[in-house]
Each structure stands twice: as structure tokens, then as C-alpha cells.
Amino acid sequence: MFYKDTLLKQVLKPGRYTGGEFNQVIKDVNKVKCRFCFAFPDTYEIGMSNLGVRILYGALNEDPDIYCERAYAPWVDMEEQLVKHGIPLCSLETGTPLCDFDILGFTLQYELCYTNVLYMLRLGQIPLLSAERGEDDPIVIGGGPCSYNPEPVADFFDVFSIGEGEEALVEFSHLYTDMKASGEYTRQKFLRAAASLPGFYVPCMYDVDYNEDGTIKSFSPKYDGVPEKITKRIIKDFDKAYFPTKPVMPYIECVQDRITVEIMRGCIRGCRFCQAGMIYRPIREKSPQTLNEQAKQTFDNTGYGEISLISLSTSDYTGLHDLTDKLLSWTDENMVSLSLPSLRADSFTDELMQKISSVRTTTLTFAAEAGTQRLRDVINKNITEEEVLKACRVAFAAGKTAVKLYFMIGHPTETDEDIKGIADLCKHIIDAFYELEDRPKGKPQVTISVACFIPKPFTAFQWEGQDTLEEFRRKQKLLGHYCDDRRIKYNYHDADGSIIEAALARGDRKLSAVLLEAERRGMKFDAWSEFFKADKWFSLFEDCGIDIKFYTERKRDTGEILPWDMIDCGVSKAFFKREREKAYEGITTQSCAEACAGCGANRLGGECTWCPNTKK
Amino acid sequence: MVPEYKKIRLRFNKLGPLKFISHLDLDRTVKAAITRSGVKIEYTHGYNPRPHLVFSLPAALGMESVCEFLDIKVAGMEPDEVRTRLNGALPPDLQIIEAYEPQTDFRQIETSSYVINIVSPDITEETPQRIINMFASPVIVEKRTKKSETGTAPFDIAPYVKITKCEYDGEKLVMNVSAAASNSVYINPDYIIKAISVNLQISLIDPQTSLYTVLRTEVYCQDGQLFR
């Protein structure tokens with residue numbers, strides 16, 4: 001505990017700031033060569049739930065020369081205390097101010113956390129702009145899914161790690177210690193060297209020119225040896241990838257506080273709106289044997305009572321039955337329950353249902369994403385109404401009365417007929433309940449959670465215009481009108497958050513000025529509904545002289561230079577163009593398990609599960 | 001075959017950063033440690049079976065303690081082995097001091113004793129006597145209550161607080177206090193500190209210059225005997 005008692009007694013949940021958790025890593029700071037701080041730009045409870053952070057924290061600390069610590073965004077009551085008393089934001093392990101670290105790493109999980117990055121830099125007493133940092137300031141590095149379009153936050157980061165960081169960040173830290181040891185380190189020289197490390201993007205090493213209409217005219221490296229394209233890093237042998245079996249256990253309750261094992265990276269499905277399904281390709285699986293051992297070791301080291309098998313689409317994991325059998329051989333007697341999030345409706349069977357209900361079960365949730373077959377074909381969801389109904393019947397027959405479905409509105413080509421289709425599908429599920437002879441007692445409940453479509457970089461829809469705010473609201477209201485059955489529970493979020501997210505997701509470097517002004521205006525915790533103020537955002541863009549619709553509603557030409565074109569995520573632009581054309585024709589693409597669609601990710605190599613040229 | 005479970009009381013301390021975790025968080029922390037330790041304890045028999053833990057009088061948030069109590073039911077293991085095993089799995093600031101078969105019931109608890117330390121630039125040589133004088137008359141605080149609409153009600157804590165030591169050593173004020181901790185009246189020592197701070201104008205806000213800590217040292221029964 002490094003913050004004084006007096007201070008902690010004046011804030012909510014002081015357990016967020018004390019550190020000292022079970023399994024935290026303690027090293028002698030005088031015996032390490034690189035002090036790394038992993039910063040999560042949201043609260044402790046959210047950051048501690050993130051598996052990526054756990055993996056990287058563990059992977060960096062495996063190296064005796066590196067000491068990786070943690071920091072989270074303090075809640076506003078703590079901010080008030082820190083500012084009032086001039087105390088910097090500190091790491092949890094040793095209470096070191098963020099400004100005293102060698103390297104400060106931010107994970108960028110969602111666009112609305114960008115304001116929190118600046119908030120943490122300010123509280124950590126680090127200059128916000130990369131260009132204003134001096135020799136004694138930490139190197140600020142970003143990573144995570146949002147770094148696939150790092151441009152809106154390019155001015156605040158010295159460097160970005162593109163792709164999977166387990167190996168890359170260790171190499172990066174060693175480049176730092178080597179240059180420090182040889183005495184050749186200067187900030188500029190280090191960044192220049194980092195730019196030529198595979199998988200690292202250093203924004204200040206590139207020039208951007210714009211056309212009069214605001215689109216990008218050219219994007220080019222400033223110096224020789226700085227690559228034009230940055231290819232993302234992947235772990236080639238995923239089965240042997242580092243996995244943290246001794247995770248730090250939070251004392252206070254967190255969002256996810258359980259054993260999580262990552263069974264597979266990538267997704268075979270290729271939904272056309274989904275960024276994660278593209279940027280984590282090629283698909284790599286861990287063997288059931290490895291996963292079972294990792295789960296058991298984590299259980300022995302933590303004593304958690306729940307194991308969650310996570311991936312983008314758990315039921316597509318080829319060794320699922322083998323793995324669940326292996327796990328169930330020891331979980332039941334130890335009172336450990338299994339949870340399988342991200343199940344696809346078309347693979348949900350009786351057998352699977354019984355396995356997850358053998359200890360206890362939670363509500364079953366399926367993603368249908370669109371209401372009609374036509375639109376599901378456009379987005380390549382590859383799931384039929386009958387498959388959804390079948391999955392619901394399995395759930396009902398097992399004694400459940402409630403199911404939950406995810407949908408999105410605002411997909412390209414969507415019509416009002418598709419909106420009505422969402423409500424119709426719900427009604428068919430209710431009918432299916434009553435048609436079932438061995439249905440449980442009571443009334444069925446279908447909960448639908450309806451999100452607004454956000455076009456994301458590295459998807460087939462990356463060129464699409466987003467619906468206007470008015471159009472989203474009209475569609476939301478229309479769907480409410482069609483959901484006229486009390487057994488349907490209709491949830492949706494206000495659309496303006498999705499619009500801001502869309503602007504930041506496909507933004508360019510010009511948005512750094514907007515974010516800087518946002519910080520100046522005290523904006524933070526924008527992923528939290530109690531802090532997010534749409535009006536503030538809209539007037540912010542206006543005051544900065546930036547038309548938000550340029551980023552949201554504008555349909556891009558496929559020939560336009562996109563802000564994220566310098567990143568190579570493995571999947572080729574030609575593939576996205578083909579997928580986009582097929583979407584417009586309503587033609588689906590088979591999953592990787594059925595046929596190779598030639599996305600291009602297999603050229604990154606590795607022990608891929610499905611890719612024809614690299615398959616074991 | 002249903003194993004025979006025996007009730008064991010664990011006396012443990014809660015120090016350092018753990019003083020900032022709530023009762024619910026403590027419950028989860030201890031459950032996980034019991035699982036890690038391999039000590040087999042009785043589970044509840046409901047739809048969601050969970051380890052059956054009964055804490056008595058958990059220390060309030062922000063308070064350190066060397067006398068926390070937890071009852072568990074264990075099959076086929078002696079108290080000493082339970083203690084050794086659990087201590088191997090528990091964090092260093094949460095260690096079991098004693099494990100034994102309980103001789104008293106939680107409902108017999110009457111008072112707790114505390115050591116309170118206060119550091120503030122406003123404390124002087126006269127402060128100890130002023131505190132003693134202050135508690136010789138009624139000391140009204142806004143005490144939390146479920147009965148009142150506002151959630152608090154005025155309450156005189158003086159009859160329920162006994163100050164056995166109150167000294168100033170030039171740096172900090174040290175008090176030994178015994179306060180009611182029964183089912184009907186429980187005085188959180190924070191009320192005592194707050195009352196002192198307000199009535200004697202001792203500022204406890206600035207983290208650079210002020211500090212107060214509370215350590216619970218012992219729990220007593222109605223007959224004045226130690227709770228065991």
C-alpha cells in the first residue's frame with residue numbers, strides 16, 4: 001500500500017488501489033533492467049478481468065530482466081484526491097509513479113477508452129503528446145484490438161505493437177535494455193530502431209498528406225529502413241504459447257473472476273461485420289491435453305470455482321468434446337463449474353447442454369445478428385432460423401424458460417422488413433416453446449439485446465457508411481412497435497455512443513486534436529453511461545472544426561487510402577473487396593472448416609488448424 | 001457415505017491492504033484459499049452448493065484486526081492441521097493464529113477492544129485530557145440505522161465507549177478503547193475518531209500530514225471473558 005491510509009479512507013472501494021493481491025509478482029527493482037507498467041484505461045474491476053493483460057503481465061515477468069507492474073484508471077473520487085494533493089498515479093506492485101517507468105503500455109480494447117488513456121497519462125504526470133516527451137519520460141506503447149487502426153491516437157503514442165504481444169513485447173523490452181546498456185539510447189534512436197522491429201508501428205516516422213476533401217493523399221515512411229507496411233505478429237505454435245497459470249487474484253469483486261482458458265485464436269466463420277473474426281486469423285487451436293493441464297494448474301494455484309472456455313466461437317473448437325470430458329473428470333468432484341460463452345446456435349446440442357448443466361448453468365445466449373435470412377446471408381452469419389429454433393428447443397427441453405439473443409440494426413442493405421424479422425423470429429421461438437411436449441412449466445421469455453452496427457477497419461464493411469442517428473432511432477422505435485408481445489424483452493442502447501465509437505474506429509490522425517481537446521474538457525470514462533455525454537462529443541467535434549459525418553456516414557470508395565492501410569493484419573484487402581461484393585449479392589462464404597476462402601492469413605504461417613497450405 | 005463434519009473456529013488476522021476489503025470480498029478470498037489448501041469442508045446443500053463459512057463480527061472496512069473469527073465444518077482433520085494447511089494457502093496478511101473447537105457462541109459477544117492511532121498537526125499535549133473530558137459527557141454522533149428514513153439518527157456513544165489509555169507521544173495520539181460490539185449496539189470505532197475530529201477540531205483530511213489507524217485487538221463476551 002503506497003497511497004496513504006488517509007487518502008484511501010476518503011474514496012469508494014479503496015481495494016482498487018492497494019495492490020498486494022494474491023499471486024501478484026514482486027521483484028527487486030534494483031535487479032531488473034527494464035521497468036514496464038501495463039496500464040488498463042478503465043477501472044480496476046474491468047482491467048483485472050482481461051485475459052490479454054494477464055497473459056502479457058505473466059509473459060513479461062517470466063523474463064528476469066523485466067519487471068512488469070499494473071495500473072488502472074482511478075475512479076473520479078480518487079482522481080480528485082490525487083489532484084488535490086499533487087500525488088501521481090502509481091503502479092500497484094511497488095507504488096512507482098507512472099512517469100518513472102521505462103515503458104508504459106496501454107491496452108486499447110474499445111475506442112471509448114481513448115479519453116481514459118489521456119486521463120491516465122495526465123495523472124501519471126507524463127506529457128500527453130509523444131512529440132513533447134523528453135529523454136526521461138517513459139516510452140508509451142499501445143496494443144490490443146484498437147491498435148489495428150491506431151491513427152486517431154497516433155499523437156499520444158510513441159509506438160504501437162501490432163498483433164499478438166506475448167513474444168513481441170519481450171523483444172521490444174530487450175531492444176530497450178540493450179540500447180540502454182550499450183549507451184546508444186536516445187529516445188529518437190530507440191524509436192527508429194523499434195520501427196524496424198517486426199510488428200511495431202512508430203507513428204512519428206511517417207508523413208501523411210491529405211486531399212482537399214479530407215481523404216488521405218499519401219502516407220509514407222520518413223526514413224530509409226522504416227517499413228511501408230507493418231505486418232502483425234502472431235504466435236506460430238499456439239499450443240506452446242505462454243499461458244499464465246498463476247493469475248493475480250483480485251480481492252475485490254471483478255467483472256470476470258474465474259479461470260479463463262483460451263482454447264483457440266481466430267474464428268472460422270467470417271461474419272462480414274466482425275473485426276475480431278478477421279484480425280485474429282489464422283485460426284490456431286490448443287490441444288485438449290494442454291488446455292486441461294493449464295486449467296488444472298490454474299485451479300490449483302487459485303481455487304476458483306468456475307472455468308470459462310473462451311474463444312470467438314467456442315463450439316467451433318474441434319476438440320470441444322474431448323476437452324469437456326477431460327475437464328469434467330476432475331471439476332465435478334471439486335465443485336467447479338464450466339461455462340462456455342460464445343456458443344453458436346447451430347452447434348448447440350443436447351450433449352453439450354448436459355455437460356454445462358452438470359454442475360450449474362446460466363442463461364443461454366445466442367447471436368442471431370439479423371432478423372431475416374436475406375440479411376443474415378448479407379452479413380455472412382451462416383445460421384438459419386431453423387437452427388436458432390432447434391437450439392432454443394434444446395434449451396427448453398433441458399428445463400430453461402429464458403433465452404437471450406443478440407441482434408444488430410443498421411447493417412448494409414437493411415430494410416424495415418429485416419427489422420420486423422427480428423420480432424418475428426422471437427415470436428417463432430415463443431411458438432416453438434409451446435409446441436414442445438416436454439416443455440418446462442411457466443412462460444417463455446425471449447430477451448433481445450439490439451446493438452447498432454459500427455463499420456470497423458479490417459472487415460468487408462470497412463468502406464460502408466453508418467446509419468444516421470435519426471435512422472437508428474427510427475429503427476429502434478419501429479422494432480419496439482413490432483415487439484408487441486410481453487414475453488419478448490427488448491433491450492437496446494442509445495445510438496449516439498455507437499456513432500462516436502464509429503468515428504473513432506475509422507478515424508485518421510486529425511482526430512488526435514479532438515481527443516486532446518476532449519481531455520482538456522475533462523472527458524473521461526466514456527465507456528460508462530453515467531459519464532458518456534453525446535452532446536459533449538458532438539459539440540467537441542464541431543468546435544474542433546471536424547465533421548463527424550466524414551468518419552461515420554460517408555461511404556468510402558474502395559480505391560481510397562484508408563488510415564489503417566499501413567497495417568497488414570494477414571487478411572488481404574482483395575479478400576475484403578470480394579466479400580463486400582458477395583455481401584451485396586447476398587452470397588454467403590463457407591467457413592474455414594468447409595472450404596478455404598483465400599483470406600490470405602495463412603501466409604503468416606504457424607500451426608493453423610484449417611488453412612490448407614500450413615495445416616499440420 | 002456422508003463424512004462426519006466437526007465445527008472448527010479459526011481466529012485470524014486481517015492486516016495491510018486486506019483491511020480495505022469488505023466482508024463479501026473476504027468471504028470469496030477465504031473460500032478460494034480453502035479450495036487451494038485441500039481442506040475438505042462442508043458445502044451448503046442448496047441448488048448452488050458453496051462452502052459453508054460463518055464469520056463473526058467482521059472488522060469494518062479500513063480497520064486492521066488480529067481477532068477475526070470464522071467457523072467452518074471440517075471432516076477428518078485436526079484443528080492444528082487445518083491451521084497449517086490454510087496458512088500455506090492464505091495471503092501473508094491474512095493468517096490463522098489459532099484453530100480450535102469453539103466454546104462460545106457468536107451471540108455472546110459484548111465488546112471489542114481497539115488500539116487507535118491518530119496523527120494530525122492539530123494534536124497537542126492537551127488533547128488526551130480533552131478527549132477524556134469529552135467522553136465524560138454525552139457524545140452525539142449521526143449513527144447509521146435502518147430505522148430512520150435518512151439512514152442515520154443522532155446517538156450518544158459515550159456510555160458504550162471506555163477509554164483505558166489515551167496518550168500523546170509528541171508524534172501520534174495513542175488510545176486503547178473498548179466499545180460495544182453486541183447484537184443490539186455496535187459502535188464502529190470510526191465514530192469515535194470522527195467525534196474527536198469534529199468536536200476538538202482535529203483535521204484528518206490531508207494525506208501528507210494526517211493519519212489514523214484502528215487495530216482490533218480482542219473480543220469479549222457478556223461475562224467479561226475472552227470470546228473463544
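Let's start with a small sheet: in chain A, three strands line up in the order E10-E13-E14, forming an open sheet with parallel pairing. Strands here are DSSP runs of E with at least two residues, helices are runs of H or I with at least four, and both are numbered from the N terminus. Two strands pair if DSSP finds at least two bridges between them. E10 (259-262) and E14 (337-339) of chain A each have a single partner strand, so they stand at the edges with one side lacking a neighbour in the sheet. On average, neighbouring strands of this sheet are turned by 25° against each other, direction ignored; axes are lines fitted to C-alpha atoms, for helices over the stretch in contact, and angles run from 0 to 180 degrees between N-to-C directions.

A word on what you're looking at: this is a predicted model, where local features need pLDDT of at least 70 and side-chain atom pairs count only at pLDDT 80 or more, while totals for chains, interfaces and linings use all residues. Residues are numbered from 1 along each chain as its sequence is written, and chains are lettered from A and ligands numbered from 1 in the order in which they are written.

Back to the sheet. Strand E13 (residues 306-310) of chain A pairs with E14(A) in the parallel sense over three bridges, and Ser308(A) sits opposite Ser339(A) in E14(A). Helix H9 (residues 288-302) of chain A packs on the sheet, touching E10 and E13 of chain A (contact puts C-beta atoms, placed from the backbone, within 7 Å). The direction of H9 makes about 160° with that of E10(A).

H9 turns up again where the chains meet. There, 24 residues of chain A are in contact with 23 residues of chain B. Helix H1 (5-8) and H9 of chain A each supply at least two residues of chain A's side, and H1(A) gives the largest share, four residues.

Now for a pair of helices. The axes of H13 (residues 385-397) and H14 (residues 416-435) of chain A come within 10 Å and cross at roughly 40°. That makes H13(A) oblique to H14(A), since angles under 35 degrees count as roughly parallel, over 145 as roughly antiparallel, 65 to 115 as roughly perpendicular and the rest as oblique. Among the residues making the contact are Val388(A) and Phe396(A) of H13(A), along with Leu425(A) and Phe433(A) of H14(A).

How values were computed. Contact = placed C-beta atoms within 7 Å.
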